[in-house]
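Morning, everyone. Let me put the structure up, and then we'll walk through it.

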Amino acid sequence: MSEASTPATPGTPADGAATPLTKSAEKKLAKQKEAETRKAAKAAKAAKAAPPTSEKKAKKEKEEKEEEAPFVNTTPKGEKKDLSQPMASGYNPIAVEAAWYDWWDAQGFFSPQLTPDGKPKPEGLFVIPAPPPNVTGSLHIGHALTVAIQDCLIRWNRMLGKTTLFVPGFDHAGISTQSVVEKRLYKTGKTRHDLGREKFIEKVWEWKEDYQSRITNQLRRLGGSYDWNRVAFTMNETLSKAVIETFCRLHEDGIIYRANRLVNWCVQLNTTLSNLEVEQKQLDGRTLLNVPGYDVKEKFEFGTLTSFAYNIEGSDEKIIVATTRPETMLGDTAIAVHPEDPRYKHLHGKFAKHPFLDRRIPIVTDDIVVDMSFGTGAVKITPAHDPNDYEVGVRHNLPFINILNDDGTFNENAGEKFKGMKRFHARVAVVQALKDAGLYVETKDNPMQIPICSKSGDIIEPILKPQWWVSCKPLAEAALERTRKGELDIAPKASETEWYRWLEGIQDWCISRQLWWGHRCPAYFVNVEGQEQDRNDGKHWVVGRTQEEANEKAKKLAGSAKYTLEQDEDVLDTWFSSGLWPFSIMGWPQQTPDLKTFYPASVLETGWDILFFWVARMVMLGVHLTGQVPFSEVYCHAMIRDAHGRKMSKSLGNVIDPIDVIQGLDLEALHQKLYEGNLDEREIHKAKAGQKKDFPKGIPQCGTDALRFALCAYSGGGRDINLEILRVEGYRKFCNKIFNATKFAMLKLDEKFVPEPTPKPTGNESLVEKWILHKLNLASEEINKQLTERNFMNATGAAYNFWLYELCDVYIEAMKPMTDESASETTRKSAQQTLYTCLDHGLRLLHPFMPFVTEELWQRLPRRPNDSTPSVMLAKYPVFDKSFEFSDAERDFDLVFSAVKSSRALAASYNIQQGLHVYIRAEKDAEAELFKSQIPTFLALTKNCKSVEVVHNIGGIPAGCGSELLTPTIFVHVLVKGQVDIDAEINKYEKKLALTKMNLSKVEKVESQADYESTVPANVRLANEEKRKTLEADMKLLEHSIDMFTKMR
């Protein structure tokens, strides 16, 4: 509203000139003012009587009404924010966080700072290869935890003066990315086969570019100080060369081989999976489950054991077997019995007849797979569809009959009756056919685990496939040897134990994937004209870094015969390329300057859930290919779950986008985001219900700094984090406290203020100044210690406590009388210098956790002479400083502050809200002098305190005081006369006295034992003596209080 249109106050013209009022107008105005006065008095009375919650509600409503206009960032991209305007009235995370990241990036602050000769700085080198997020979709809150921890370590080490490098990158995520693009394509009525390989890959690259851009924006909003000049992608040219080189080198070393073996087949995704990508679902018994690829109304039976009989050839005898997968009997090629089982000795070497196929089934003896005491002691053997049966098939040279097509339907080997059936329809049909044939025996509950694809939720099928495999034993042995030598530290210790167990029991790794998106295997089948060749046999294959190299090898293999080269259609497991990450991003296999300078890395920070998927493979491949462990430390962070302890799931609606926490998002907008994914309507409905329950008002705006601080505060070494958004919002209030405290403190640093050239104490510091400098020193020491030990919970706790409970609650309040007009110039200047040092160092301490608000506030502080540090992120991190050590001052002021807190507590217990009179009884001269010198501070720290008087003995305390013992020689008294029920007070003190006497009696009883001096340790005796003296002093105080209040009756 413009000035001209502002309404005039009654009785005042719009131009402000005085105009006489008529008598009637004067009377009207007087009545109006009287009514307003009565109304104000009534409102004040109501406010005083209202409970605190009402006051908070009114205050909140007022704040909402006074909310500032939405912030608009006007800083040109890459330029420094203009802070010449006064600070805002309150903390607005969006405004505070604007512009700083682009400026940091444009200034090159994220790039590693090297010496003039291109070497790391003498302070040291610290490198983190950021785990590359998948381009499958946007980041979730788990990624935010990774960024918060890693960037905290990077910023801390940068401020310690080290050369730091934080390399960003992205993973192509073969299975997951192809799956989401196929689902999106399916919604248009097409499949990848409709497009063809080349066109489909173009679609995936479009997806990759879109989501890489989205993720980059998220990473920047989260404040990650990545060197964006080195951004990597697992399928870019450099990293693809590293993948090809690795495959060829491992094949040449005999580590990679080709074999037709059982693999984990996901029908839904139509590809193989490694063991690590298969989850085991526990069933307690008969369970009906939906299976992907079937009608949602169809459910199939799992968790049962079906028994049926085979007829023995040439007799009327039957042999009963049992299975959890009845449909696999169509692939049976043997029945195994124990060689010592007397029930079946007469059947050794005989055959059973398959009821549905023209197949004779031999009865073989095997003491490895058969347990005579389990079931009937006879085991059906399906070598092509069960890992244990596969081993039996190898031992007994059995036929391996595959009955399953890649799409999950049965092939011709299953017989005409079942050919073309989907596998779980076949399960039902086989059981019915067995019943019709009179061979069915029973079905009963069977607690068991079923293998589930971690990507699609489909039931995994073991099938035979010719694939490329990595022989992991030699790689794992080398990795274990390096770990045992201490070249790799894994934290927390629980993860280290799992590390050893997994590597010691490692199995070979299938790296072939039947996908189109990924690194195509650089392997070629040499199809020699006129020769019969088994494609499953690796001897007919060659590998090559280029097609020319493959051709040269093929010529030697084919001799003079004509041949053609056919490249393997499969791509490599995503984890194969990810396993090269720490050195491929540095340019390996080329010996680049980055590889020589920044490899091996310092820390690999990741979730414990991918310790084996990724970390183990990086170590195995790094040691084999580079001769070095790729990092010296692995820190495994916790898994983020929702507030109820549930795993984050899109279908539950509890997956949180960190940007939504930063900016805030209402419930309806949260609902709308569900439609951006591939959830069906049923899942969306379920997710909406979950969102409404967890976020009834949406997600509040918290800002990046609060989110990062909260995530670090949750990280104390546990395996799970139950994230509560309200706690994150609580840290937003902490940001607000820092903002407002700094804003207030800046008022104490007038325009003439110039910081001293160094933060060293001048010698003019008062007791409270020495105390706060000592506390700052302790906080600096503790935070550095905890970050070194990777205990982010304790590190944030130390920073939080210093700012909130020591700087804001104590020093800033205590210094007020030291900076008012009555204080001397020396006192005022010293208090200002101490305040400046605390703000400067305090913001630096917080910066690794809260980069934005600390930069915003630090830039508003004046610089010390000759200090040209451009950003807080380049300022020196505070460490322990001997000159800040004031142990005696800490002890003395802690005593004073204890008395302050005691007087506050007494005032609160008696509901004294104004006119507080405090008496400190100090029986020792030195303690009395201490308290007398701190009366101004005491008054500043005690709200509504009218007077503080220090006395030597009980005679100086007026009648009618509530009392509390501080130490055996120091007592705090608060005048309560006329404000309490005397009888109630006497009753209260008598109860306390009875309890004190009882406790004293216990201590005296212990001390009176005959062998007390000789059997009880000195430290325990000293503690007992202290306790007894305290109880004796407290007893005297209580007796005095009872006597005093009795006389007042």
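Start with the sheet. It is open, has 4 strands, and runs in the order 6-5-18-20 with antiparallel pairing. Keep in mind that this is a predicted model.

Which strands sit at the edges? Strand 6, residues 271-273, and strand 20, residues 509-510, are the edge strands. Each of them pairs on one side only.

Now one pairing in detail. Strand 5 covers residues 256-266. Strand 5 and strand 6 pair in the antiparallel sense, over 3 bridges. If you want a residue to click on, take asparagine 264. Asparagine 264 stands opposite leucine 273 in strand 6.

Next, the domains. The domain assignment of the protein gives domain 1 at 285-446, domain 2 at 750-885 and domain 3 at 898-1048. How many Å separate the centres of domain 1 and domain 2? The figure is 75 Å, with the centres taken over C-alpha atoms.

Last topic, cysteines. How many disulfides does the structure hold? The count is 0. Take cysteine 636, which is in no disulfide. Its nearest cysteine sulfur belongs to cysteine 712, and that is 16 Å away. Is cysteine 636 buried or exposed? Cysteine 636 counts as buried, because its relative accessibility is 4% and the cut-off for buried is under 20%.

Then there is cysteine 702, also in no disulfide. Here the nearest cysteine sulfur is that of cysteine 735, 9.5 Å away. A disulfide needs the two sulfur atoms within 2.5 Å, so this pair does not count as one. Cysteine 702 is buried too, with a relative accessible area of 0%.

That's my tour. Over to you.

Notes:
Residues are numbered from 1 along each chain as its sequence is written. This is a predicted model: local features need pLDDT of at least 70, side-chain atom pairs count only at pLDDT 80 or more; totals for chains, interfaces and linings use all residues. Side-chain values use heavy atoms; hydrogens and water are left out. Buried means under 20% relative accessible area, exposed over 50%, partly exposed in between (1.4 Å probe, protein chains only). Domain bounds come from an automatic or database domain assignment. Two strands pair if DSSP finds at least two bridges between them. Helices (H or I, at least four residues) and strands (E, at least two) are DSSP runs, numbered from the N terminus.
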